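This report describes the sheets, local backbone features and one pocket of a single protein chain. The sequence and structure are shown first.

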Amino acid sequence: MIRRQRLAAGVCALLAALTAGIACPVGAVADETDQAAPKVELVLDVSGSMRAADIDGGTRMAAAKQAFNEVLDATPEEVQLGIRTLGANYRGNDRKTGCKDTEQLYPVGPLDRTEAKTAVATLQPTGWTPIGPALQQAAGDLEGGDGTRRIVLISDGEDTCQPLDPCEVAREIAAKGIGLTIDTLGLVPDAKTRDQLSCIADATGGTYTSVQHKEELTDRVGQLVDRAADPVVTPVETEGAAQCAQAPALKSGLYTDREEFGRQRWYKVDVNPGQELRASVSVAADRAVNPDYGVLLRAVTMQGREIVRGEAAGNGRTDVISTGLRYPKAESDDETATAETVCLQVTNSYSAAAGVKTTPGLPLELTVDVVDGPSKASDVASFGLGRGWWLLGALVLTGFVAGLLWGWLSRWRLAVWRTN
């Protein structure tokens with residue numbers, strides 16, 4: 001009797017191990033290819049103006065600290081992160097000394113979350129706003145290595161250390177060709193601050209975001225840190241046309257352009273039978289605009305027939321809106337079938353606020369991806385499960401055998417109980 005119990009237990013353990021092996025196949029090992037670690041440095045303005053209490057009832061400094069704490073908790077393990085401050089130490093009125101007030105609060109490297117949070121907790125709004133010197137030092141902090149390098153600058157005011165123009169500093173960094181991107185976030189910015197931070201971001205291909213609430217600040221900083229872990233993709237400048245016939249022909253890739261207020265841009269993409277076109281577009285308001293705006297992305301044939309569209313609308317609460325579309329072109333039995341030229345139309349309904357320049361146009365980012373379309377035959381044959389059929393079959397078989405064994409074991413134990 002004891003031997004039978006041990007045999008049944010052993011069989012059940014073997015089946016459990018087999019099931020675990022199926023669910024986590026040995027071949028599914030992580031890619032061990034060495035890649036350069038992405039580096040990010042958060043540059044925080046700790047000048048006296050950060051005492052202002054105009055973000056959700058609290059000070060700008062308190063909102064920044066909360067955002068930093070939440071972002072530090074969520075930072076991916078592979079990202080090397082550092083923190084630099086500007087205007088955190090010198091309280092005097094000497095401009096020359098105040099414009100040197102930038103230091104690295106936490107070095108760029110593997111993140112010790114407790115240590116980094118402790119360092120941030122000690123910060124108090126203090127002095128000047130030396131953005132230019134801080135960017136120069138931050139670029140030096142990120143030197144070396146081939147991975148993604150990104151500076152995230154958070155400030156609530158203009159640089160106070162002219163004539164060292166931070167926009168010129170950003171252009172000099174971009175001219176070095178070291179692949180460093182500067183993203184900027186303005187806390188309750190005025191027009192001059194917005195213009196300066198936008199200029200810094202544009203110089204290096206980064207983004208500018210205006211922030212009015214704590215949640216917006218946390219979400220945006222987190223997105224930028226996460227983005228550093230993504231593969232580096234260099235956007236290609238292009239210029240859309242006013243009509244599809246004159247539009248540039250694009251292949252899979254990331255493209256940037258400028259689009260005038262309330263206007264449209266056309267681009268062309270060739271799609272072969274059996275392929276799928278995936279496209280998305282983002283349009284950013286890099287200056288003050290009127291609320292209630294939208295972006296429309298259409299895929300149209302050369303004859304003007306609409307195939308599919310994507311659209312999005314905004315109400316002034318965000319600086320960027322995005323939309324996308326997918327167009328799978330069916331396979332053809334005709335061996336002489338050629339590629340279809342699909343026209344992509346991008347239209348925006350932004351309007352500039354009073355007194356705001358309308359040139360140059362709004363920054364536009366277009367992603368185009370032409371991939372092999374889904375195989376309809378295989379999808380129908382497997383009811384949408386694809387290669388998952390073998391796993392489902394193995395699990396069903398394992399469950400069936402385990403059920404038989406459990407039933408046999410239960411009947412045997414019942415028989416023993418009746419005998420006793």
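## Helix H7 and the six-stranded sheet

Helix H7 lies across strands S4, S5 and S6, and runs at about 165 degrees to S5. The strands it crosses belong to an open sheet of six strands with mixed pairing, in the order S3-S2-S1-S4-S5-S6. At the edges of this sheet are strand S3 (102-109) and strand S6 (208-211), each of which pairs on one side only. With direction ignored, neighbouring strands of the sheet are turned by 15 degrees against each other on average.

Within this sheet, strand S4 (residues 149-155) and strand S5 (residues 180-187) pair in the parallel sense over seven bridges. In S5, Leu-180 is the bridge partner of Arg-149.

## Confidence of the model

The model is predicted. The average pLDDT of the chain is 83, and 86% of the residues score at least 70. Over residues 1-34 the pLDDT is below 50, and this stretch has 18 contacts in the model beyond near neighbours in sequence. The pLDDT is also below 50 over residues 377-384, a stretch with four contacts beyond near neighbours in sequence. Where pLDDT is low, predicted coordinates should not be read in detail.

## The five-stranded sheet

A further open sheet has five strands in the order S7-S9-S16-S11-S14, and its pairing is mixed. Strand S7 (236-237) and strand S14 (320-328) each have a single partner strand, so one side of each is left without a neighbour in the sheet.

Strand S11 (residues 275-284) and strand S16 (residues 362-372) run antiparallel and are joined by nine bridges. In S16, the bridge partner of Val-283 is Leu-364. In general, the strands of a sheet pair through backbone hydrogen bonds, either parallel or antiparallel.

## Local backbone features

Two loops carry backbone features to note. In the loop between strand S15 (340-348) and S16 is Pro-360. The peptide bond that joins Thr-359 and Pro-360 is cis, with omega of about -5 degrees.

The other residue is Asp-56, found in the loop between strand S1 (39-45) and helix H2 (60-74). Although Asp-56 is not a glycine, its phi is positive, at about 50 degrees.

## The second largest pocket

The second largest pocket holds about 300 Å³ of space. It is lined by 15 residues, and the closest to its centre are Asp-195, Asp-286, Arg-287, Val-356 and Lys-357. Rolling a probe the size of a water molecule over the atoms shows where empty space is left.

Which element gives the largest share of the lining of this pocket? Helix H7 (residues 191-203) does, with six residues; this is the helix that lies across S4, S5 and S6. By class, the lining has seven charged, five nonpolar and three polar residues.

Conventions: Residues numbered from 1 in each chain as written. Predicted model: local features only at pLDDT ≥ 70, side-chain atom pairs only at ≥ 80, totals over all residues. Heavy atoms only, no water. 1 Å grid on protein atoms, 1.4 Å probe; cavity = no way out; pocket = protein on both sides within 12 Å on 5 of 7 lines; lining within 4 Å. Points joined across faces, edges and corners; volume = space filled by probe spheres on them. Helix = DSSP H or I, 4+ residues; strand = E, 2+ residues; numbered from the N terminus. Nonpolar A, V, L, I, M, F, W, Y, C, P; charged D, E, K, R; others polar. pLDDT = per-residue confidence, 0-100. Contact = heavy atoms within 4.5 Å. Pairing = 2+ DSSP bridges. Axes fitted to C-alpha atoms, helices over the stretch in contact; angles between N-to-C directions.
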